[in-house]
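Trainee: I am new to this structure. Please walk me through it, and let me ask how each label is earned.

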Amino acid sequence: MSFNENMKNEIEKTKGTENSKSIYVSPLPTDERCLSCLRNSYERLMSKFEFSEEQRQRFQIQYNRITEDGTIKIGHKKQRELSAEFRLVAGVDDLYAEEKAMSNRVAQGLYNIWKPRLESFASPELISLRLAIAGNIMDYGIHHEFDLEKTVNSVITAQLAIDDSAKLLEAVKCSEKLLVIGDNAGEIVFDKLMIETLKHKSVYYAVRGGVVLNDVTEKDAYEVGINRVATVVSNGYNAPATVLSACSQEFLDHFYSADLIIAKGQGNFESLYSLGDPRIYHLLMAKCHVVAEHLDVPKGSYIIVRQG
């Protein structure tokens, strides 16, 4: 039996009924700093939407209920629940709509600058991977502000803390089907540039199944033209990660049939890394101490790491 078939069987074993699906658990250890970071992100949102005291109390009740064990054993399922409860109290469907639109505009401006520059480098493909990592800074779930242009300029010459780029570029040449799992709006513009530069013959681009944080949805992907360079596929689940046991069958079919997978960002790293699947390469910035410590790299490091 192939690795893909074995992994598919293991994921199938974790599934329960439609209303009681067993959700894949992040490989990262329990850490109280994660809960603090999560709380801070919602404090910023409550300020952004000018919550009344009554709204704050309503959300606090739901927050306490969802995080009642007081630890970060909340997983991506509970992050999804928190996002849904906050949107209900705020009366807003997309909490980061303005930020996502602005991120796409800023990234598009840099895309227009860097696309013609790429051919001046000895390896445009390698630079496109680095630019795709730089785009990962655009994460409103962790940062409330960031300097994208500074990050782009830094990542071009920085030493990667973990660098499996040579293996990845070789895998691109040999693979039949490439699946790119997207992360955030804005960042997706650099993913588009990466896909254009890699020139792979068969690329699928996976997005979240609905609105959550500033993660990429089908709407976001089409707005920046990802559909012109790849086939866009929804994963069928609106968590800020790739939760295989909750994803749609369509996405799972693409996941298991791809012989190369590029997973962008921390959420996808947290939810997929412990699979030990050598098809999967993670492109990310270690934006918090917890992920940095897990990978044994300094916070803020740029990373291209292969599983397995």
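Mentor: This is a predicted model. Start with strand 3 (residues 203-207) and strand 4 (residues 231-234), which pair in the parallel sense over 4 bridges.

Trainee: What makes strand 3 and strand 4 a pair?

Mentor: Pairing needs at least two bridges. Strand 3 and strand 4 have 4 bridges, so they count as paired. Val-207 stands opposite Ser-234 in strand 4.

Trainee: Which helix joins strand 3 and strand 4 in a β-α-β unit, and what is its hand?

Mentor: Helix 10 (residues 218-223) does, and the unit is right-handed. Right-handed means that the path from the first strand over the helix to the second runs clockwise, with the strands pointing away from the viewer.

Trainee: How do you know that helix 6 and helix 8 meet?

Mentor: Contact means heavy atoms within 4.5 Å. Glu-125, Leu-126 and Leu-129 in helix 6 meet Ser-165, Leu-168 and Leu-169 in helix 8. The axes of helix 6 (residues 124-134) and helix 8 (residues 165-174) come within 11 Å and cross at roughly 115°. The crossing is right-handed.

Trainee: What else does Leu-168 touch?

Mentor: Its contacts include Leu-260, Ile-262, Tyr-281, Leu-283 and Ile-304. Leu-168 is also among the residues with the most contacts inside the largest nonpolar core, which has 47 residues. Helix 9 (residues 187-198) gives the largest share of this core, 7 residues.

Trainee: Why are residues of this core called buried?

Mentor: A nonpolar core takes in buried residues by definition, and buried means under 20% relative accessible area. Across the protein chain, buried residues make up 56% of the 308 residues.

Technical notes. Residues are numbered from 1 along each chain as its sequence is written. This is a predicted model: local features need pLDDT of at least 70, side-chain atom pairs count only at pLDDT 80 or more; totals for chains, interfaces and linings use all residues. Side-chain values use heavy atoms; hydrogens and water are left out. A nonpolar core is a set of buried Ala, Val, Leu, Ile, Met, Phe, Trp, Tyr and Cys residues joined through side-chain atoms within 4.5 Å. Buried means under 20% relative accessible area, exposed over 50%, partly exposed in between (1.4 Å probe, protein chains only). Helices (H or I, at least four residues) and strands (E, at least two) are DSSP runs, numbered from the N terminus. Axes are lines fitted to C-alpha atoms, for helices over the stretch in contact, and angles run from 0 to 180 degrees between N-to-C directions. A crossing is left-handed if the near helix is turned anticlockwise from the far one by less than a right angle, and right-handed if clockwise. Lists of a residue's contacts leave out its neighbours within four places in sequence.
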